Structure formats: C-alpha cells, structure tokens
Amino acid sequence: MKPYAELDATALAAEHAAGARRVTDTTEAALAALARLEPRLNAFLVVLADRARARAAELERERAAGATPGALHGVPVALKANMCLAGVEANCGSRILAGYKPPYTATFVQRLLDAGAVVIGMTNMDEFAMGSSSENSAFGPTHNPWDLARTPGGSSSGSAAAVASGIVPLALGSDTGGSVRQPAALCNLAGFKPTYGRVSRYGLVAFGSSLDQVSPFARSVRDLELALSVIAGHDERDSTSLPEPAPIPEHDGARLDGLRVGVPKEYFPEVLSGGVRRASEAALATLRGLGAELVPVALPHTELAIPTYYVVATAEASSNLARYDGVRYGARSAGDGSLQGMYAATRAAAFGAEVKRRILLGTYVLSAGYYDAWYGRALKVRTLLRRDFEQAFEQVDVLAGPTSPTAAFRLGEKAGDPVAMYLSDILTVPVSLAGLPAVSVPCGFVDEDGTRLPIGLQLAGPARADARVLRVARCFESATDFARQRAPLFA
Amino acid sequence: MTTSDLDTVRQMAELARLKLDEAEARAYAGQFARILEHFRTLERLPVEGVEPLSGAAGLCDVTRADAPRPGLSTEAALANAPDRREAFYGVPKTIGAAE
C-alpha cells in the first residue's frame, strides 16, 4: 500500500470506498503529518483532531453497514479560517474574531461533509483575506514548504502550505483577487477559481462580495474537478449563486487539437522575472505541442485592473467589515465608555494595519464628494475590462499566461510597501473583476540563490467554461512532470 | 504627504469608526498619497456612456417565496456575544448618557 501522502484525493476516496484502506488510518496519517510539520509551517489556526477521529470512525461504520460512500469518502481536508463550520473557531486571521465560533455551517462545507470529507483543521490566512503573503495574519506568517524563509503566497496561505507539504491532499481557500491562484503558483499546486457564482458564498466570511469565490487547492487537476463537482451548484441561500448544477468534467482525450489559446501580450509585462518568463514561454510551447494553436490577443485595459480592483475591493471591504463593532461577536474594547467610543476603540485595537488601510481607502472612495470620481469610475472601467475579455474570447477558447510575476518572495521582503504588494496582483485581478474561471497549474521551476522555487501557469476561460479550463489544465499536467515534484518539506 | 492628506485620513477614520493615534494617521496619510497617485491612471480614460458593472454574475432580482422558515435560535445568536444580558446584547448606555 502506498504511503498516504503519495495519493491524491481521487485515489484515496477510491481506496477507502473499496475497503483497501481504512479511513481511520488515513486520518491518523494526516494528523501525524500535521503534528510533525506544523511547528515549521504555522499553517493551521485550529486543529480538529478529536472531531476528525470521531468522523473517521463514523465513516468506517457507515461503509461497513453498506452505505454508499461519497465522492470524498474519508479524504482529509483543510478549510481556510474564513469558512463557517458550526461550533469551530473561524477567526479569519484576525484578533477581532479570535474565539468566534459560527452558529451555522457554510453550504459548501456541508456539501464536503455530506460527500464524506474529514475536516482536520482551519488554516492560517492574511487577516480577512487581505494580503498576498500571510504576513497580515494576526497569528504569524505561514512558511512555504519549498523554502521556509519564503511566503507560500496569500491570502489562502495555510491551505496552500497544508497541501504542498502533504498534510492533506485537498484544501479550500477563497479567491477574491488571486488568493488561491497565486499561492498555488508559489507552492507548486493546482488551484482553481471557479466562475463567480459557481460556488455558494453562504458561510464564507465576506471581504469583497462581488469578487469572493470559494476555490480549491490540490496536487492534481482531477482533484480540483472532483472538489468542484462536490461544492458547486445552486444554493438558494446565496442570491448571487448561478442557477445551474455543478459542471461535469470534460473527458475528451489527452490532446488539445483545434483548441485556440490566446496569449495576451499584457500578461508578459516588464516586471516579469526572467525565470517566470522562460517557464511561461516553455509552457506555451507545450500547449502548442499538444495541438493547440497560439493566438496573440490584446487586453488593452489590463494596466487599469490594479487601481480598479483596489477601489472596488476596498469599497466592498469597508462596507462588509462595518459589522465588526464589538456588539454581537468578537473582541470588545470599552474605549471612553460611550457607544461610539466602544466601536472606535474595538476596531482600533483588534484590526491589523492592512485591514485598517483598506477600510480607510474604501471609506474614502465611497464618501460623498469622491464617490463618482473613484468608485463610480472604477465600476465603469470594470465594464471595459470585462469587454476586453469578451472580445478576446470571440477569437480564442482559453487565455494563457503566468499566474504571478515572480516566484515566492522572502517573508519580510515587501511587508513595508503596500503599493509593491498590490502591484504583484496584476496577473490575477483582471479575471477576478470579470468573474471568470481560472486555474493555476505547475509549469516549471526557477533557481533563486540555490533554492528551487515553483512557477505557475494561469489558464482562464469565458464565464461558465469551468470544465473547459480544467480540461486544458489536466492535459497540460499529463504532458509535464512539474506537478509530481514535491517540496523539500513533505510528509 | 500634505496637511490635507492628514485631514482626509482623520475624517475617513471618523466615518469608519476607527480610532487612530497620531503616528498611525501620519503613516496612513503618506501611504494614501502614494496609493491614490497610482490610482490616478483611472482618470486618464474616457468613460462617458459606459455602464457601471457592480457584480459579475449577471443575475438580478433574485427572490424567494415570502414564507416563514426557521432561523437562528436566540441561544445560537447570542453565543458569541461579548456582553450578553439575558436575551439581549449589552452595549454602553446611549440615551441619557453623561456627555
């Protein structure tokens, strides 16, 4: 029998269902890996060992009694700490929600549980998902299993590190402006942001409501397809949930003959590191070798995506985070004893620097006198950005380019410079603003100061073409061996 | 950073119910100026006649049947309250409070 960490979720679920491997053994292996690696990673904010063991035993009993195993029967999973599982602390990486235990379970979490998944813990993240490095977590940064001195990316940092280190085969993150695709690229994982509305946001703590989308990490593309088939589909408790059921994976061969792959020149900007450029160009050549036709396309408004994103996302964040006032849940500071003083003191004491910065910016772009010039204008530019994509997709089936302009950077390297940190999102935010599906898959490595660091290829498709994007990613994965490379720190 | 940047940050902090100390306000004012300078590229583009896009799903007027259904129990809703008083959230006195 292969060791636990060598199997992906698809293989594990199949072995559990066939009785070839015990769910209780798998759970113990996951918890043992967590206990061994966590001191170096800081990937988890909550570990659910007792709960996971009880659930594993229950799943074994159910199977023995003849129940039909679910699609994720006995698969250990980790959830980002902004996801609601009734009674389990979901602190969003923030002191303001330290100890907060949601009284209800998110729809997508319930669907995971119903499919037989075993939740082993809640993962570290940039506070309220605001950040690209984990350095904005109130509970210390997560370390990249490829090089512990570097960031795993963010904001879904702990989920990425947990999968890349072999603690779990599958984890959920949330992607607002790249918070799953970028850490997937930096940790050599497959990470998929579905079409906006594909996965219900009921039970996902809100950051930028018109952008947020629950998104899985895995070590294989087929696991992303499996995860999506479980968590996607309409939910009446989210009014932005798409009406149709989960997409069905496309299984039509190992080649991409006839596929038109758009290559936006704007996705190969000056700031791209040499290693990322070389790996991305080699990946495009691989796609051509698989039969795809490469077509140059233009997305002329791309350079406006960063300011548009940071106006829209901070506006929505300032509104969403108004609820943290020390009244109904979370931390409270008395302040000067008045109600207003209590609000202001609570928020001052318990929000971190980046969250405050974004609340202030968001308040500014929405305030009387500035609304039309900033927020109103950004929404119009958002239309133009989406139009760029619509025009490109008249000529091509998918778009391809790098996911992140650089490989994993050192913790501390950009922490003092918010503008530099925002600019590193240039390749992921355009797709987010347009609500499109996009995946990051491993596409190569770069050597930086003697350390081997992974690079990710981003593939994006038109709205609702989730299955197509994943099929292209799976073909690419089959033709290369990057995804099979493991981090130096691996279970 | 200018005096008006600092005033703007203080005004936004007031609106956002955030208490900032002097050092924080100054730091944010400097960053605000740099961030907004970068955002000014938005101003260069003509957007007259362009419809705003506020959501990506393209759905509108989603409703459900106006029928009662179970919600959170009082106990569940109050379980995380920092200051619970019987079946209520406790807050500082606002009416008749000493100013």
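How do strand β4 and strand β6 of chain A pair, and over how many bridges? In this predicted model, β4 (residues 170–175) and β6 (residues 213–218) of chain A run antiparallel to each other, and 6 bridges join them. Two of the partnerships can be picked out by name. A:Asp175 sits opposite A:Gln213 of β6(A), and A:Ser174 has A:Val214 of β6(A) as its bridge partner. Strand β6(A) also pairs with β5 (residues 190–193) of chain A, again in the antiparallel sense, this time over 2 bridges. Here A:Ala190 stands across from A:Ala218 of β6(A).

What about cover for this strand? β6(A) is mostly covered, with 6 of its 6 residues buried. In a regular strand, side chains alternate between the two faces of the sheet. For β6(A), one side carries A:Gln213, A:Ser215 and A:Phe217, while the other carries A:Val214, A:Pro216 and A:Ala218. Every one of these residues is buried, so both faces of the strand count as covered, with buried meaning under 20% relative accessible area.

Zooming out, β6(A) belongs to an open sheet of 11 strands in chain A. Reading across the sheet, the order goes β1-β3-β2-β4-β6-β5-β10-β11-β9-β7-β8, and the pairing is mixed. At the edges are β1 (44–47) and β8 (293–297) of chain A, each of which pairs on one side only. From one strand to the next, the twist averages 30°. Helix α2 (residues 23–41) of chain A packs on this sheet and touches β1, β2 and β3 of chain A. The direction of α2 makes an angle of about 20° with that of β3(A).

Another helix worth a look is α7 (residues 221–231) of chain A, which is mostly covered, as 9 of its 11 residues are buried. An α-helix has 3.6 residues a turn, so residues three or four places apart point the same way. The buried set in α7(A) includes hydrophobic-looking names such as A:Val221, A:Leu224, A:Leu226, A:Ala227, A:Leu228, A:Val230 and A:Ile231, but A:Asp223 and A:Glu225 are in it too. Just after α7(A) comes A:Gly233, with a positive phi of about 115°.

Next come some backbone oddities. Most residues other than glycine have a negative phi, and most peptide bonds are trans. A:Cys92 goes the other way, with a positive phi near 60° despite not being a glycine. A:Cys92 is found in the loop between β2 (76–80) and α4 (107–114) of chain A. Is A:Cys92 buried or exposed? A relative accessible area of 0% makes A:Cys92 buried. A:Arg464 is another non-glycine residue with a positive phi, about 75°, and lies in the loop between β11 (451–460) and α15 (466–479) of chain A. With a relative accessible area of 40%, A:Arg464 is partly exposed. As for peptide bonds, the one from A:Gly154 to A:Ser155 is cis, with omega near 10°. A:Ser155 is part of the loop between β3 (118–123) and α5 (157–164) of chain A.

Finally, there are the empty spaces. The largest pocket holds about 580 Å³. It is lined by 26 residues, and those closest to its centre are A:Cys84, A:Tyr100, A:Tyr104, A:Tyr202 and A:Arg323. The lining breaks down into 16 nonpolar, 3 polar and 7 charged residues. The second largest pocket has a volume of about 400 Å³. Of the 18 residues around this second pocket, A:Pro269, A:Val271, A:Ile306, A:Leu423 and A:Ile426 lie nearest its centre. Two helices of chain A, α9 (305–320) and α13 (418–423), each give two or more residues to that lining. By class, the lining of the second largest pocket has 9 nonpolar, 5 polar and 4 charged residues.

Cavities turn up as well: a search of the whole structure finds 6 of 30 Å³ or more. In the largest cavity there is about 110 Å³ of space. Its lining is made of 15 residues, with A:Gly131, A:Ser132, A:Gly177, A:Ser179 and A:Asp425 nearest the centre. This lining counts 4 nonpolar, 9 polar and 2 charged residues.

Key. Residues are numbered from 1 along each chain as its sequence is written. Chains are lettered from A and ligands numbered from 1 in the order in which they are written. This is a predicted model: local features need pLDDT of at least 70, side-chain atom pairs count only at pLDDT 80 or more; totals for chains, interfaces and linings use all residues. Side-chain values use heavy atoms; hydrogens and water are left out. Helices (H or I, at least four residues) and strands (E, at least two) are DSSP runs, numbered from the N terminus. Buried means under 20% relative accessible area, exposed over 50%, partly exposed in between (1.4 Å probe, protein chains only). On a 1 Å grid over the protein atoms alone, a cavity is a set of points where a 1.4 Å probe fits but cannot get out, and a pocket is an open set with protein on both sides within 12 Å along at least five of seven lines; lining residues have an atom within 4 Å of a point. Grid points are joined across faces, edges and corners, and a volume is the space filled by probe spheres set on the points. Ala, Val, Leu, Ile, Met, Phe, Trp, Tyr, Cys and Pro count as nonpolar, Asp, Glu, Lys and Arg as charged, and the others, Gly among them, as polar. Two strands pair if DSSP finds at least two bridges between them. Axes are lines fitted to C-alpha atoms, for helices over the stretch in contact, and angles run from 0 to 180 degrees between N-to-C directions. Contact means heavy atoms within 4.5 Å.
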